[in-house]
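Student: Could we go through this structure together, step by step? I'd like to ask things as they come up.

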Amino acid sequence: MIVAALLLGALALWGASRLTWFAEFRDGGVRGTVLYRETGEQRATALVPLALLALAGVAGVVATGGWARRVLGVVLALAGVAAVWSGVAGVRFGGWADGLPVTQLLLGRGLAVLGGILVATGGLTAVKGAGRAARLGAKYAAPATRKKARDPDAELWEALSEGEDPTDARRGHSE
């Protein structure tokens with residue numbers, strides 16, 4: 001869930017940066033009246049870096065655990081809030097001149113808000129589940145740092161992996 005939210009949020013932020021966020025008709029001199037456009041990347045320069053941060057957050061969430069994942073989750077949640085703010089700051093819903101790409105103007109900002117919500121949700125979910133979720137390489141931790149398996153079958157296989165005889169009645173008793 002966390003990875004999907006961050007990936008979709010990054011994709012939405014990148015897409016929002018490519019769409020038109022500002023448009024107006026300007027006097028083009030000899031060319032007459034021309035349509036001037038600015039993309040989301042030009043109007044809200046933080047969109048692409050926030051998308052890249054969300055992508056990096058995917059790797060960070062997978063590779064970390066505990067307090068490091070919580071810190072990363074807070075950073076991602078704040079990045080999501082910043083993306084939402086970029087999407088809503090300066091938006092207007094009326095007073096458009098005929099011929100402007102209003103749908104694209106609103107869609108670009110809407111994608112930024114959606115992407116921000118997804119990134120913030122991924123970050124908050126990472127904070128909430130930091131202690132429960134497995135982290136990369138946890139399976140290969142030293143035996144003393146791993147939690148003992150409670151499943152009897154798993155304990156038997158673990159004993160075999162460690163070179164012990166799981167059928168030995170003296171197993172587990174110190175002599």
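Below, a student asks and a tutor answers, beginning with the whole chain and then moving to single contacts.

Student: Before anything else, what kind of model is this, and how many helices and strands does the chain have?
Tutor: Keep in mind that this is a predicted model. Walking from the N terminus, you meet the elements in the order α-β-β-α-α-α-α-α. The secondary structure adds up to six helices and two strands.

Student: What percentage of the residues count as buried?
Tutor: Here a residue needs under 20% relative accessible area to be called buried. The chain has 175 residues, and the share of them that counts as buried is 30%.

Student: And what share of the contacts with a separation of 6 or more comes from residues 24 or more positions apart?
Tutor: Take the contacts in the chain with a separation of 6 or more. Residues 24 or more positions apart account for a share of 65%.

Student: Let's look at the strands. How many bridges join β1 to β2?
Tutor: Strand β1 covers residues 20-27 and strand β2 covers residues 33-39. The two run antiparallel, and A23, for one, has R37 of β2 as its bridge partner. The number of bridges joining β1 to β2 is seven.

Student: Which residue in that hairpin takes a positive phi?
Tutor: The hairpin of β1 and β2 has five residues between the strands. The positive phi, near 70°, belongs to G29.

Student: Now the helices. Are α1 and α3 roughly parallel or roughly antiparallel?
Tutor: Helix α1 spans residues 2-18, and its axis comes within 8 Å of the α3 axis. The two axes cross at roughly 165°. Angles over 145 degrees count as roughly antiparallel, so α1 and α3 are roughly antiparallel.

Student: How many of the residues in the contact of α1 with α3 are nonpolar?
Tutor: On the α1 side, the contact includes I2, L6 and W14, and on the α3 side it includes L50, A54 and V58. Sorted by class, the contact has no charged residues and two polar ones. The nonpolar count is 17.

Student: What is the distance between the axes of α1 and α5?
Tutor: Helix α5 covers residues 102-128, and it packs against α1 at an angle of about 155°. That makes the pair roughly antiparallel, and α1 passes α5 in a left-handed crossing. Their axes are apart by 7 Å.

Student: How many polar residues are in the contact of α1 with α5?
Tutor: Among the residues making the contact are G9 and G15 of α1, along with G108, G115, G116 and G122 of α5. Gly counts as polar here. The contact also has 13 nonpolar residues and no charged ones, while the polar count is seven.

Student: How about α3 and α4: is their crossing left-handed or right-handed?
Tutor: Helix α3 (residues 47-63) and helix α4 (residues 67-88) pack at about 155°, with axes 10 Å apart. The two are therefore roughly antiparallel. Their crossing is left-handed.

Student: How many charged residues does the contact of α3 with α4 have?
Tutor: L50 and V61 of α3 take part, as do R69 and L76 of α4, among others. By class there are twelve nonpolar and three polar residues. The charged count is one.

Student: Is S17 buried or exposed?
Tutor: S17 sits in helix α1. Leaving out residues up to four places away in sequence, S17 touches T39, G40, E41, L47 and V48. Its relative accessibility is 1%, and the cut-off is under 20%, so S17 counts as buried.

Student: And T45, is that one buried or exposed?
Tutor: T45 lies in the loop between α2 (40-43) and α3. T45 and S17 are 28 residues apart in sequence, yet 8.2 Å apart in space, C-alpha to C-alpha. With a relative accessible area of 60%, and exposed meaning over 50%, T45 is exposed.

Student: Last one: which residues is V48 in contact with, leaving aside neighbours within four places in sequence?
Tutor: V48 lies in helix α3. From V48 to G15 there are 33 residues in sequence and 9.2 Å in space, C-alpha to C-alpha. With those neighbours left aside, V48 is in contact with S17 and E41.

Key: Residues are numbered from 1 along each chain as its sequence is written. This is a predicted model: local features need pLDDT of at least 70, side-chain atom pairs count only at pLDDT 80 or more; totals for chains, interfaces and linings use all residues. Side-chain values use heavy atoms; hydrogens and water are left out. Axes are lines fitted to C-alpha atoms, for helices over the stretch in contact, and angles run from 0 to 180 degrees between N-to-C directions. Helices (H or I, at least four residues) and strands (E, at least two) are DSSP runs, numbered from the N terminus. Angles under 35 degrees count as roughly parallel, over 145 as roughly antiparallel, 65 to 115 as roughly perpendicular and the rest as oblique. A crossing is left-handed if the near helix is turned anticlockwise from the far one by less than a right angle, and right-handed if clockwise. Contact means heavy atoms within 4.5 Å. Two strands pair if DSSP finds at least two bridges between them. Buried means under 20% relative accessible area, exposed over 50%, partly exposed in between (1.4 Å probe, protein chains only).
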